[in-house]
Structure formats: structure tokens, C-alpha cells
Amino acid sequence: MLNRLHGEETNCYRLFHGAVEGFPGCSIDRYGDILLIQTWREPLEPQTLDLISSEIGQALGCHLQPVWNHRAPSRLGGRPSFNDWQDPGPFSECIGRELGIRYDVCPRHGGADPLLFLDFRVGRRRIRAAAAHSVLNLFAYTCGAGIASALAGAHEVWNVDFSAGALAVGTRNANLNDITVGQDFRLIREDVFPVIRQCAGLPLGGRLSRKRRQPLTVPRRFFDLIVLDPPRWAKSAFGTVDVMRDYASLFKPAVLATRPSGAILATNNVAAVNADDWVNTMVRCAKKTGRSIRSVEILEPEPDFPSPDGRPATKIAWLIVD
Ligand SMILES: C[S@@+](CC[C@H](N)C(=O)[O-])C[C@H]1O[C@@H](n2cnc3c(N)ncnc32)[C@H](O)[C@@H]1O
């Protein structure tokens with residue numbers, strides 16, 4: 001597996017997937033020159049950190065800078081401070097490569113999650129192969145899917161996310177790959193709901209409240225590809241993202257904003273949701289809008305994200321919409 005990944009200019013991958021290797025609550029990833037160790041349960045002993053680092057360095061034949069991010073909630077509540085657990089020292093270069101694309105992979109930043117989600121590589125790979133002309137990247141985060149689209153030849157990419165910090169990394173990622181941020185590669189700091197609903201020609205929706213500001217106005221329009229990779233749950237003034245109970249509130253407008261014969265790359269990262277049930281929900285939802293799903297391709301996770309029971313927690317589907 002590693003030879004293949006290195007051969008296609010990928011140096012960001014999972015090395016240890018504790019959930020399926022008998023050590024839940026721990027994962028070890030390579031991000032370029034960084035060895036990122038994340039724990040969600042028990043903290044590691046300092047000597048364990050050294051051991052992991054030297055064993056992996058020997059196996060890979062190169063030294064990676066170990067960074068340990070302990071993500072268990074702190075006893076005092078609130079977000080843990082990673083620096084309390086380990087000071088990894090200054091970082092030399094925090095640029096990782098995936099399929100030849102350069103990404104900012106700094107392991108310590110304003111948020112807790114890594115800047116590039118490795119299990120979505122299969123999605124970014126599919127995006128590159130599809131080479132769609134116009135792409136709407138919803139919940140864009142650091143714009144990985146948008147960058148992959150632009151480098152696959154898309155003439156127009158909209159990246160929508162309400163986090164300024166995530167989009168700032170998106171700008172860095174664009175710069176790292178000589179993509180100019182502007183009309184052709186747009187970063188839209190906005191709530192997904194009003195953007196997708198306006199593209200779909202639907203009223204804004206959500207509860208009207210005094211707190212709600214006027215969202216960005218966008219025209220009714222169609223895209224060749226819509227990337228729909230939402231978090232499990234998130235509430236905003238314009239609606240609630242609830243992947244488990246209400247996928248349709250995102251999927252319906254996405255269908256209506258997809259050009260006939262265009263594609264939706266959809267994800268569902270709730271382990272408890274059955275893949276067939278999720279796909280059926282999307283097929284039924286498309287039908288109710290008067291459109292239909294012509295085909296569904298389930299994208300299996302890449303080998304560094306094994307799922308021995310064949311039921312990966314993150315489900316990724318490529319759907320063609322008629
Ligand atoms: C799981 S990440 C998405 C990962 C991303 N698609 C990728 O390719 O790496 C979730 C993102 O959704 C954004 N988000 C959550 N709710 C949102 C909303 N209602 N409108 C806009 N962005 C939202 C968060 O700011 C975060 O960046």
C-alpha cells in the first residue's frame with residue numbers, strides 16, 4: 001500500500017487505525033514530515049511516544065516529527081490544550097502531499113481536527129477522475145475537495161463554509177497549488193443552507209429570528225458536481241444539520257441544484273446509520289423533488305482505513321442525478 005501511495009505522490013496516510021486494531025481511542029497518521037498521534041481516551045506514557053516514533057521512523061526509513069494531540073475532554077471541561085501534553089517544538093515544514101496536491105497539514109492550529117481528513121481521500125480521488133466543469137463544495141472546511149476539483153480542470157468552484165479559519169487554510173491550500181482565489185475559485189464564508197436553497201430555487205427556510213442576518217444572495221443555478229460532506233450535527237440560524245435524522249434537508253436542495261446527468265458526492269459519517277438505508281433515503285428524496293437517481297456508486301475506503309466487518313463508519317456515495 002505504501003509503495004502505491006508514495007508512487008502517486010501521497011505522503012499523508014493512516015498508519016495505525018486503533019478502532020480496528022484492538023486499541024480504540026488512538027490513531028497514528030503521517031502528514032508529510034509530521035507523525036500525528038491522536039488519543040481520545042487514556043493519555044500515552046512519554047516512553048510510549050518515543051517508542052512509536054522510533055519504530056515508525058525505522059519502518060518508513062525516515063524521521064518524522066512526532067506530535068501528540070490528546071483529545072479527551074479536559075477535567076475542567078472545554079477543549080483540551082494540546083500543549084499541556086507535549087510540546088513538539090517548532091515545525092519545519094507543514095506541507096503534505098496527496099495525489100500530487102499540496103496541502104497545509106499543520107498539526108497544531110485553532111481547531112482540534114487535522115486540516116486534511118484522510119478517510120476522504122477516496123472522494124478526492126473520485127473528484128479528480130470525474131473532472132467536472134462546475135463544482136459546489138459544501139461544508140468545504142479547508143477546501144480539499146475544491147482544490148482537487150480545480151486541479152482536475154473545473155472552470156468554476158464554489159467552496160462554502162461558515163468558518164473563517166477553515167477558509168483561511170483553504171486560501172493557503174489554493175496558493176500552495178497555484179490556484180488563484182477569485183471568481184473561478186470562490187471561497188464563500190456563509191451558511192450552507194441559504195446558499196444551497198437559493199441555488200435550488202427554494203425559499204430560505206429556517207426559523208425567522210431577530211438574530212438572523214441577511215445571507216449572501218446567490219442566483220438559482222445548476223452545478224455539474226455537488227460535494228455534500230456535512231458534519232454529523234450542527235445548528236445555525238438557517239437550519240440544523242442532522243445527518244442521522246434529517247439528511248433530506250441538505251440532499252433535496254442539492255438534487256435540485258445538480259445539472260441533469262450531474263453528480264453528487266455525498267457522505268454520512270454516523271456509524272450507526274446503515275448504508276442501504278441512507279442510500280434509500282436519498283433515492284426517495286430525489287424522487288419527491290421530481291428528479292431521480294440514475295446510479296449509485298459506493299466508494300469503499302482506501303486500504304489505510306480497513307473495516308473488517310465491511311461496514312465502514314464513514315459512508316461515501318457518488319450519485320448521478322437525472
Ligand atoms: C466535517 S467538516 C467538512 C469536511 C470537508 N468537506 C473536507 O473535505 O475536509 C465540517 C465543516 O462544516 C462546516 N459547517 C458546519 N455547519 C455549517 C453550516 N451550517 N454552514 C456552513 N458551514 C458549516 C464547519 O465549519 C466545518 O468546516
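Begin this tour of a predicted model by selecting strand 1 together with strand 2, residues 26–31, and you will find that the two run antiparallel and are joined by 5 bridges. To look at one of these pairings, pick out histidine 17, whose bridge partner in strand 2 is serine 27.

Now widen the selection to the sheet around them, which is an open one of 4 strands in the order 1-2-3-4, with mixed pairing. At its edges you will see strand 1, residues 12–17, and strand 4, residues 65–70, each of which pairs on one side only. As you turn the view, notice that neighbouring strands of this sheet are turned by 20° against each other on average, with direction ignored.

Next, add helix 2, residues 46–60, which lies across strand 1, strand 2, strand 3 (34–39) and strand 4, and which runs at about 140° to strand 3.

Then move on to another open sheet, where 7 strands follow the order 9-8-7-10-13-15-14 and the pairing is again mixed. Strand 9 (185–189) and strand 14 (293–298) stand at the edges with a single partner strand each, so one side of each has no neighbour in the sheet. From one strand to the next, the twist averages 15°.

Within this sheet, select strand 7, residues 134–138, and strand 10, residues 223–228, which run parallel and are joined by 4 bridges. Here valine 135 has leucine 225 in strand 10 as its bridge partner.

For the last stop, show helix 5, residues 164–176, which lies across strand 8 (156–161) and strand 9, and follow its direction, which is at about 170° to strand 9.

Terms used:
Residues numbered from 1 in each chain as written. Predicted model: local features only at pLDDT ≥ 70, side-chain atom pairs only at ≥ 80, totals over all residues. Heavy atoms only, no water. Pairing = 2+ DSSP bridges. Axes fitted to C-alpha atoms, helices over the stretch in contact; angles between N-to-C directions. Contact = heavy atoms within 4.5 Å.
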